[in-house]
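Reader: I would like a close look at one helix and the contacts that hold its surroundings together. Please go through the residues one by one and keep to what the coordinates show.

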Amino acid sequence: MTPPAADPGRTPRGDDGGGPHQRGDAHAAGAHEAGTRALLDAIVAGDPEQTVRFGEVFNGLGNRSFGMLLFVSTLPAFIPIPGVGGAISGPLVILVGLQLLIGLRRPWLPGFIARRGPHRSALARFRNLLAPWLTRLERFVSPRLTALLDRRAASALTGLLVVLVGVLLSLPIPFTNFLFGALLLLFAFALLERDGKLMLIAWAAGAAAVVVFGILSGSLVQAVAEWVAMARDKLA
């Protein structure tokens, strides 16, 4: 699966009030990179019963590869069975977040995960479900403030928040899977569309979720304490 080089239906926008050179850079980036819809269309094209391996979804995407991997890793969160979606999606999301946190340039997956993934039919259904929202979203997003996404500290902050939201997703907190899943998709879209402004919104929303659902409820603190105790016992 090789993503398309461009999305003819996507109209790039310049940065917020930037000069002609700045807007030209944004236009050039949008002209040579397919939008999220086009990427998803390329992934779901083919045999509906064929498995889309996690190890293949980010091939050829360069600095947007983490966005696509995070997007696909978040999909199980929307399985309408209590406890199942978070148990599958949470660890995958945490793995992606940790790699952003430590500054890897390209995603890495262990073989037993890289060889697995959803069927194209499942991705197609999710793509169709998201299509109206993607159409609206792509009217407002564009490659802008990309330097913000590429800075080491910014990548670390993104990774930290993705890890924490992934931990919350994996916990049995009632009626929150869809909420955390939507929040993680916001991070994924910001990475896929190379939109620094959208990432700022994702940071704010992610921090708010961590504070409200994690720290104030005590769920996140308790989970971290349990993991630290478990690690200490294994090292003892």
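Author: In α2, the buried residues are Thr-36, Ala-38, Leu-39, Leu-40, Ile-43 and Val-44. These buried residues of α2 pack against α3, α6 and α9. An α-helix has 3.6 residues a turn, so residues three or four places apart point the same way. The model is a predicted one.

Leu-39 is a convenient residue to begin with, and helix α2 is where Leu-39 is found. Leu-39 has 2% relative accessibility and therefore counts as buried, the cut-off being under 20%. The C-alpha atom of Leu-39 is separated by 8.7 Å from that of Met-68, a residue 29 positions away along the chain. Just after α2, Gly-46 takes a positive phi of about 125 degrees.

Not every residue of α2 is buried: Asp-41 is partly exposed, with a relative accessible area of 38%. The side chain of Asp-41 meets that of Arg-127 in a salt bridge, at 2.5 Å from N to O. This pair links distant parts of the chain, since Asp-41 belongs to helix α2 (residues 36-44) and Arg-127 to helix α6, 86 residues apart. Helix α6 is also among the elements against which the buried residues of α2 pack.

Salt bridges elsewhere in the model come next. Side chains of opposite charge can pair when their charged atoms come close. The structure holds 3 salt bridges. One of them joins Asp-195 and Arg-144, whose closest N and O atoms are 2.8 Å apart. Here Asp-195 sits in the loop between α9 (177-193) and α10 (196-215), and Arg-144 in the loop between α6 and α7 (146-150), which puts the partners 51 residues apart. Both Asp-195 and Arg-144 are buried.

A further salt bridge brings together the side chains of Asp-150 and Arg-194, at 2.9 Å from N to O. Asp-150 lies in helix α7 and Arg-194 in the loop between α9 and α10, so this pair ties together parts 44 residues apart in sequence. The partners differ in cover: Asp-150 is partly exposed, with a relative accessible area of 48%, whereas Arg-194 is buried, with a relative accessible area of 8%.

The aromatic rings involve two of the helices that α2 packs against, α3 and α6. A pair of aromatic rings is described by the distance of the centres and the angle of the planes. The structure holds 5 aromatic pairs. In one of them, Phe-71 and Phe-126 are edge-to-face, with 6.0 Å centre to centre and 65 degrees between the planes. Phe-71 lies in helix α3 (residues 65-74) and Phe-126 in helix α6 (residues 120-137), so the pair ties together parts that are 55 residues apart in sequence. Both Phe-71 and Phe-126 are buried.

Phe-126 also pairs with Phe-78, and that pair is tilted: 5.3 Å centre to centre, 45 degrees between the planes. Because Phe-78 lies in the loop between α3 and α4 (84-102) and Phe-126 in helix α6, this contact ties together parts that are 48 residues apart in sequence. At 11% relative accessibility, Phe-126 counts as buried. Ring pairs link Phe-71, Phe-78, Phe-126, Phe-178 and Phe-189 into a cluster. Another ring takes part in a contact with a charge: Arg-136 lies over the face of Trp-133, at 5.2 Å from the ring centre.

As for the chain as a whole, the protein has 11 helices and 0 strands. Of its 236 residues, 46% count as buried. Among contacts with a separation of 6 or more, 77% are between residues 24 or more positions apart. The accessible surface comes to about 11800 Å², and 65% of that belongs to carbon and sulfur atoms.

Confidence is the last point. The mean pLDDT of the protein chain is 80, and 85% of its residues reach 70 or more. Among the elements, helix α8 (residues 152-170) has the highest mean pLDDT, 94, and helix α1 (residues 20-32) the lowest, 39. Over residues 2-32 pLDDT stays under 50, and for this stretch the model has 52 contacts beyond four places in sequence. Where pLDDT is low, the predicted coordinates should not be read in detail.

Terms used:
Residues numbered from 1 in each chain as written. Heavy atoms only, no water. Phe/Tyr/Trp six-rings, centres within 6.5 Å; stacked < 30°, edge-to-face > 60°. Helix = DSSP H or I, 4+ residues; strand = E, 2+ residues; numbered from the N terminus. Buried < 20%, exposed > 50% of the residue type's maximum accessible area, 1.4 Å probe, protein only. Lys NZ or Arg CZ within 6 Å of the ring centre and 35° of its normal. Salt bridge = Lys/Arg side-chain N within 4 Å of Asp/Glu carboxyl O. Contact = heavy atoms within 4.5 Å. Areas by Shrake-Rupley, 256 points an atom, 1.4 Å probe, with all protein chains shown as cover. pLDDT = per-residue confidence, 0-100.
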